[in-house]
Amino acid sequence: MKRIFYVLLLLIGVNTAKAQEAPLLDRGLFFGNPEISGGQLSPDGKWISFTKEYGGIMNIWVKKIDEPFEKARPLTDSKRPINAYFWSEDGKYILYVKDNNGDENMNVFAVDPMAKATNGVPASRNITPLKEVAVQIYLISRKDPDQLMIGLNNRDKAWHDLYSLKISTGELKKIYENKDRITGYDFDWDEKLRVLSKTDDKGTTTFFYKEGEKLSPIYETLVTENAYITSWNEDNSKFYLVTNKGDLDKSALFLMDPKTKEITKVESDPKGKVDFGGLFMDRNTRKIISTSYTGDKTEYYWKDKAWEANYKFLQSKFPGREVSFASSTNDYSKFLVSVGGDKYASEAHFFDPKTQQLIFQYTPRAELKKVEKYLAPMTPVSYKSSDGLEIPAYLTLPVGSTGKNVPVVVLVHGGPKGPRDYWGYNSVVQFLANRGYAVLQPNFRASGGYGKKFQNGGDLQWGKLMQDDITWGVKYLIDQGIADKNKVAIMGGSYGGYATLAGLAFTPDVYAAGVDIVGPSNLFTLLDSVPAYWESGRAFLYGMVGDPRTEEGKKLMHDASPLFSVDKINKPLLIVQGANDPRVKQAEADQIVIALRDKGKKVDYILADDEGHGFRKPVNSMAMNAAAEKFLSEVIGGRYQKEMPENVAKRLKEMTVDIKKVTYTPTEKKKTAEASK
């Protein structure tokens with residue numbers, strides 16, 4: 001094993017006596033606003049929209065396709081970054097979604113991309129002007145470009161009714177009143193509502209075929225299984241179903257006739273290693289263009305020769321990188337192609353498949369592009385956990401490092417059930433590697449994509465086998481001679497924040513420090529405070545952490561909650577929280593900060609009053625990462641960029657909490673430690 005690993009080090013160019021340490025790259029290269037990002041072609045290909053800084057925040061801009069980017073016009077002046085937006089089918093509107101300072105109560109806004117403003121930007125209209133409502137978009141109509149099909153939970157906070165929404169006027173028409181736990185609405189190519197999904201209080205999901213007003217059950221999965229409709233066939237007689245029901249471990253693609261309930265297998269991973277990944281359909285011919293599967297990297301299986309030829313042509317132009325068709329015209333005659341990789345700043349190119357004309361458009365981080373030779377390769381690795389389970393992971397070594405006896409940051413992803421880490425450029429990973437740390441990203445059990453058994457293997461294993469999967473990754477790095485066992489830190493967001501707290505509480509001798517970003521500390525208060533519209537997933541949540549209605553479940557949750565093992569935490573901890581987080585509320589941070597403070601433990605606390613589940617505003621992100629960078633350097637000895645822009649320094653000071661002043665008052669609903677006894 002050691003010999004293989006050292007050969008690997010040679011191949012990726014880090015084991016060299018002549019290696020030179022990379023220069024300290026400015027953190028703004030990683031966390032500041034990109035210059036341009038999120039490009040989309042208009043449906044007719046005559047315009048290109050993108051996001052760019054306006055008033056210090058990423059907003060939507062537009063220009064003619066043949067104009068220079070300097071000629072672009074701003075369309076929005078949002079005070080919160082806009083990431084999710086799209087064109088209406090006829091190109092008359094650009095629509096975007098936005099919440100209020102991270103509370104995830106989304107509204108839909110519309111702006112006319114052709115409107116010109118004498119001062120500032122043209123007016124945007126909030127076409128769902130409802131408070132404390134999380135709008136869901138189910139369909140962007142092609143038949144009627146002035147229409148969306150959306151879900152609103154204004155009548156009942158736990159469930160979304162189905163509405164049609166007229167973009168031009170904001171007119172709403174209720175299509176289906178959801179009084180029976182409907183969790184999904186599926187439309188065929190002709191935009192006819194064909195299948196509704198219902199999830200009961202045990203987590204069992206049933207698909208109902210809709211004929212007129214009649215709903216007939218046609219397919220059912222347990223809470224430990226997964227199934228979803230991904231598209232329809234050419235004549236709308238059957239739908240493509242991705243499922244891992246029953247004896248299936250790896251999910252596969254099937255074709256199902258909703259009238260007869262007949263199911264025919266279409267495809268599964270040819271290598272038998274991972275779940276079915278993606279289905280790419282031609283919106284015009286209604287035929288399959290490609291399927292994809294993601295193991296260490298993503299592989300495509302092309303069903304359309306012309307598309308395959310275009311993909312291979314693009315691959316030949318960008319060796320060692322991944323290419324994807326990021327945006328296209330409605331007729332697929334023009335494309336925006338995204339190009340990226342683990343150690344490359346991403347790029348966007350215009351592509352005409354007929355002429356094979358390829359025209360560079362922009363690099364989101366042009367300054368990073370200039371120094372990308374100092375970015376570090378991300379290498380897939382694997383190791384065995386405490387029970388022998390093989391854990392896939394990614395390892396990134398600092399440029400110039402010999403790969404021996406280096407400080408390590410274990411970076412744990414969120415979720416935890418379903419999400420996973422992927423190969424490619426990762427700003428946090430590259431930032432940490434540049435500061436001199438090896439970075440390990442474990443896809444611990446419960447991570448998605450590796451089969452049902454692997455994903456369900458994390459159920460009721462919070463703080464146990466799931467944590468072992470991370471701990472044994474540290475052991476692996478120590479055994480390989482990579483990690484300095486005295487300089488290992490753990491860091492992560494959401495579940496990764498929980499794993500950070502659990503790592504310090506349950507394996508206090510493994511880590512020298514932890515950075516917890518929006519992580520839960522008390523599983524009782526976590527479950528008590530989930531958003532109302534997560535009600536359909538309550539059984540799913542109980543299956544992961546334990547059922548608080550049972551004595552057994554209470555004990556599991558108590559034992560897995562780092563808050564109740566705070567006595568064992570003896571290493572420095574940095575806690576980061578968004579005050580408006582609807583998933584992991586501020587109480588999760590407040591509780592453990594108080595518990596650590598009252599026991600004289602070392603804890604620092606950063607709280608942003610204008611963020612939710614993770615930091616979106618660049619000044620907040622820069623400030624938080626500056627604090628994390630300083631914190632890690634003081635404990636495990638990496639490099640630290642002392643200087644920072646004045647606005648970042650000011651914001652960091654504003655967000656840094658005096659832990660002496662932190663208070664927490666449990667509400668009547670919230671459970672305390674006694675609730676578990």
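Q: Which residues touch the most other members of the largest nonpolar core?
A: They are Val410, Trp462 and Tyr511, in a core of 73 residues. Keep in mind that this is a predicted model, where local features need pLDDT of at least 70, side-chain atom pairs count only at pLDDT 80 or more, and totals for chains, interfaces and linings use all residues. Residues are numbered from 1 along each chain as its sequence is written, and side-chain values use heavy atoms, leaving out hydrogens and water.

Q: What makes a set of residues a nonpolar core?
A: Its members are buried Ala, Val, Leu, Ile, Met, Phe, Trp, Tyr and Cys residues joined through side-chain atoms within 4.5 Å. Buried means under 20% relative accessible area, while exposed means over 50% and partly exposed lies in between (1.4 Å probe, protein chains only). Helix α8 (residues 495–506) gives the most to the largest core, with 7 residues. Apart from that core lies another, of 41 residues, among them Leu574, Ala608, Ala623 and Met624.

Q: Which residues is Val410 in contact with, leaving aside neighbours within four places in sequence?
A: Contact means heavy atoms within 4.5 Å. The partners of Val410 include Leu440, Ile470, Val488 and Tyr511.

Q: Why is Ser633 called buried or exposed?
A: Ser633 has 15% relative accessibility, so it counts as buried. You can find Ser633 in helix α13, where helices (H or I, at least four residues) and strands (E, at least two) are DSSP runs numbered from the N terminus. Not counting residues up to four places away in sequence, Ser633 touches Tyr437, Gly638, Arg639 and Tyr640.

Q: What is the arrangement of α13 relative to α14: roughly parallel or roughly perpendicular?
A: The axes of α13 (residues 618–636) and α14 (residues 646–655) come within 8 Å and cross at roughly 75 degrees. Therefore α13 is roughly perpendicular to α14, since 65 to 115 degrees earns that name, under 35 counts as roughly parallel, over 145 as roughly antiparallel and the rest as oblique. Axes here are lines fitted to C-alpha atoms, for helices over the stretch in contact, with angles from 0 to 180 degrees between N-to-C directions.

Q: Which residues make the contact between these two helices?
A: Among them are Val619, Met622 and Ala627 of α13, and Val648, Arg651 and Met655 of α14.

Q: What makes β17 an edge strand?
A: The open sheet has 4 strands in the order β17-β18-β19-β20, with antiparallel pairing. Both β17 (227–232) and β20 (263–267) pair on one side only. From one strand to the next, the twist averages 35 degrees.

Q: How do you know that β17 and β18 pair?
A: Pairing requires that DSSP finds at least two bridges between two strands. There are 5 bridges joining β17 to β18 (residues 239–243), so these strands meet the rule. One of the bridge partnerships links Tyr228 to Val242 in β18.

Q: What makes Glu191 and Asn236 stand out?
A: Most residues other than glycine have a negative phi. Glu191, which is not a glycine, has a positive phi of about 65 degrees, and Asn236, also not a glycine, has a positive phi of about 65 degrees. Glu191 sits in the loop between β13 (182–187) and β14 (193–199), while Asn236 lies in the loop between β17 and β18.

Q: Why does Asn236 count as buried?
A: Its relative accessible area is 6%, so Asn236 is buried. Glu191, at 18% relative accessibility, counts as buried too.
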